[in-house]
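Got your viewer open? Let's take a walk through this one together, one selection at a time.

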Amino acid sequence: MGNTKVKKRLFALALASFFAIVLLAGCKSNSGGNVGGGGTEAKGTIILSTTTSTEDSGLLAYILPVFTEQTGWEVDTIAVGTGAALQMGRDGQADVLLVHSRPDEDTFVSDGYAEMRYDVMYNDYVIVGPAGGEIAYSEDVAETFAAIAAQELPFVSRGDDSGTHKKELAVWKSLGITPESNTGYTSAGQGMGATLGMAKEMEAYTLADRATWLSYADKGNLEIVCEKSELLLNPYGVIPVSGTVDEQINTEGGQAFADWITSQPAQDLIATFGVEEYGQPLFYPDAK
Amino acid sequence: MFDALDAGLLNIIITTMKVTLPSSAISAVLGTALGLLLEGSQFYGKRIIVRINRTLMGSPPVVVGLVCYLLFMRKGVFGFMDILFSVKAMVVAQVMIITPIISGMVYSSAERNAPNIRSFAHTMGASAGQTRLLLIKELKNEVYFAAISGFGRAISEVGAVMIVGGNIRGKTRTMTTAITLLRNQGNYSEAIYLGCVLMAIALCVQLVADNLKGKEAVGDDNY
């Protein structure tokens, strides 16, 4: 009896010390990070609201540490769809936005939520679907979308008011097609990665931004069936939210982020992201 | 293989603990007090309060997360506190989810056992204060079980911490939101690996708690 009690106590002690070590190590690495922040003085934190593609592809993890080191601003990234990101801007909840839905961005500025929108980078959308499926490779979006609709092939839509979703709806609309009339049309309501996963499982077609497509680890049987079309361009813009939206907006930090990401060093950084791993850049810088 | 995790894994574990330990501790105290108070008092409308408590026990975390988001956003009622997208807001959201669970469980076990304990205390000539103390002692196992259930709920919860915390790298990314992100990146092996770590931690915490409880129970035998 006594022996098991001692054993139990030792066990508890071991576990407790394990947690203590974990916590200590964590504190140490945290303070180490602060000290090792380079010569720039810490200035504060900005909230960056952005799309899932910049986070899921790993771009932000690649460039933000450099931004923090060079300018002293810490960045809290909230990765949501472009629609949600713009709403966070209107609510005064985000200091700066990195989004991709040009018409909505222009409306955002003209409605007075921001003074300026700056070009940052672009990539393009691709339509992916099951390899060896009914759709042959094409560089004509109209042809591919029309074929999907005409043959009632399964298609997974983001359905989350994101930039990619808005783009998809715009393409359907420009072709005069009502996508819902296709019985195989599914509205997922999920991020890009999750939607690609669904398309793979359902052997369906979907519209994806190239960055998420390239970095998505589990492509399975999916392949590109349509790309390189004018209609599929995907420009990203940065928008510092105006201080008039809410007095808590960090306009200084937001502007600093916009200035930095459109500066030459940051643009060069964007151009190199993913080249080593995927053999091509995931985003092409185009700040003016 | 797990290069995406290595640097951040420890940070993610620590963030998870920073959220779940305070939230389950606060909820355990609040929930136990509320549950016992509710059982011990009689007032008009008590049945409605109990019914509301039961309903809140099953409240979806995303709804609680949404409510917290609206309360703590800059334009919200508590926007001036500036705690949205921080561990603090995550703790508040989890307390709102877990407290009703603990109070509901404590209330129903107290309702079942308290009359007997009270009449026993009455026969022994105990004062009101002594009776209350005896009640808590006798219900210790039930309170403990409720608290562990609360912790289990806290550590496994993803809906509220995602909305209120924002899944910020190195700051509010917990194990559950990290798993969600890994799934979005199609990194299933890393997601499962993290899931296993999560379950191992849940097991460890439970074993430690079991041990502490075991010690107290042994101490009680001396009475």
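What follows is a tour of a predicted model, with chain B as the opening stop.

**Stop 1: chain B**

Select chain B and show it as a cartoon. You should find nine helices and zero strands, so to speak a run of α-α-α-α-α-α-α-α-α from the N terminus on. Along its principal axes, the C-alpha trace of chain B spans about 65 × 45 × 25 Å. Colour chain B by burial and you'll see that 38% of its 223 residues are buried. Contacts here reach along the sequence too: among those between residues at least 6 apart in chain B, 76% join residues at least 24 apart.

**Stop 2: chain A and its confidence**

Now switch to chain A, where helices are joined by strands: 12 helices and 10 strands in total. Of the 288 residues in chain A, 42% are buried. Try colouring chain A by pLDDT. The average is 88, and 86% of the residues score at least 70. Where does the pLDDT fall below 50? Select residues 24–38 of chain A for that; beyond near neighbours in sequence, this stretch has eight contacts in the model.

**Stop 3: two domains in chain A**

Give each domain of chain A its own colour. Domain 1 takes in 44–122 + 235–285, while domain 2 covers 124–232. Their centres, taken over C-alpha atoms, are separated by 26 Å. How many residues of each domain are in contact with the other? Domain 1 of chain A brings 19 residues and domain 2 of chain A brings 14. On the domain 1 side, select α2 (52–56) and α4 (82–90) of chain A, the elements that give two or more residues to the side touching domain 2. Colour that side of domain 1 by residue class and you get six nonpolar, 11 polar and two charged residues.

**Stop 4: where the chains meet**

Bring both chains back into view. The contact between them takes 32 residues from chain A and 25 residues from chain B. On the chain A side, the elements giving two or more residues are α1 (2–35), α2, β2 (73–79) and α8 (192–202). Which of these gives the most? That's α1(A), with 10 residues. The chain A side of this contact divides into 15 nonpolar, 11 polar and six charged residues.

**Stop 5: the nonpolar cores**

Time to look inside. In soluble globular proteins, nonpolar side chains tend to be buried together. Here the largest nonpolar core has 78 residues, and those with the most contacts inside it are A:V96, A:L97, B:C68, B:A93 and B:V164. Next, select helix α4 (residues 87–123) of chain B: the largest share of this core, 15 residues, comes from there. Then zoom in on B:C68. Leaving out residues up to four places away in sequence, B:C68 touches B:A89, B:V92, B:A93, B:M96, B:A160 and B:V164. There's also a second, separate core of 26 residues, which includes A:V126, A:F145, A:A188 and A:Y216.

**Stop 6: following the strands**

Select strand β9 (residues 233–240) of chain A. Is this strand mostly covered or mostly open? Mostly covered: six of its eight residues are buried. Strand β3 (residues 96–99) of chain A pairs with β9(A) in the antiparallel sense over four bridges. One spot to click is A:V96, whose bridge partner in β9(A) is A:P240. Strand β4 (residues 118–130) of chain A also runs antiparallel to β9(A), joined by six bridges. There, A:Y118 has A:V238 as its bridge partner.

Now follow β4(A) across to β7(A), which it pairs with in the antiparallel sense over four bridges. Click A:V128 and look opposite for A:T206 in β7(A). In a regular strand the side chains alternate between the two faces of the sheet. You can see this in strand β7 (residues 206–209) of chain A: A:T206 and A:A208 point one way, A:L207 and A:D209 the other way, and all are buried.

**Last stop: out on a loop**

Finally, select A:E247, in the loop between β9 and α10 (251–261) of chain A. Why does A:E247 count as exposed? Because A:E247 has 8 other C-beta atoms within 10 Å, and a residue with 12 or fewer counts as exposed. Draw a distance from A:E247 to A:T71 to finish: the two are 176 residues apart in sequence and 23 Å apart in space, C-alpha to C-alpha.

Note on methods
Residues numbered from 1 in each chain as written. Chains lettered and ligands numbered in written order. Predicted model: local features only at pLDDT ≥ 70, side-chain atom pairs only at ≥ 80, totals over all residues. Domains from an automatic or database assignment. Contact = placed C-beta atoms within 7 Å. Nonpolar A, V, L, I, M, F, W, Y, C, P; charged D, E, K, R; others polar. Core = buried A, V, L, I, M, F, W, Y, C linked by C-beta atoms within 7 Å. Buried ≥ 20, exposed ≤ 12 C-beta atoms within 10 Å, placed from the backbone. Pairing = 2+ DSSP bridges. pLDDT = per-residue confidence, 0-100.
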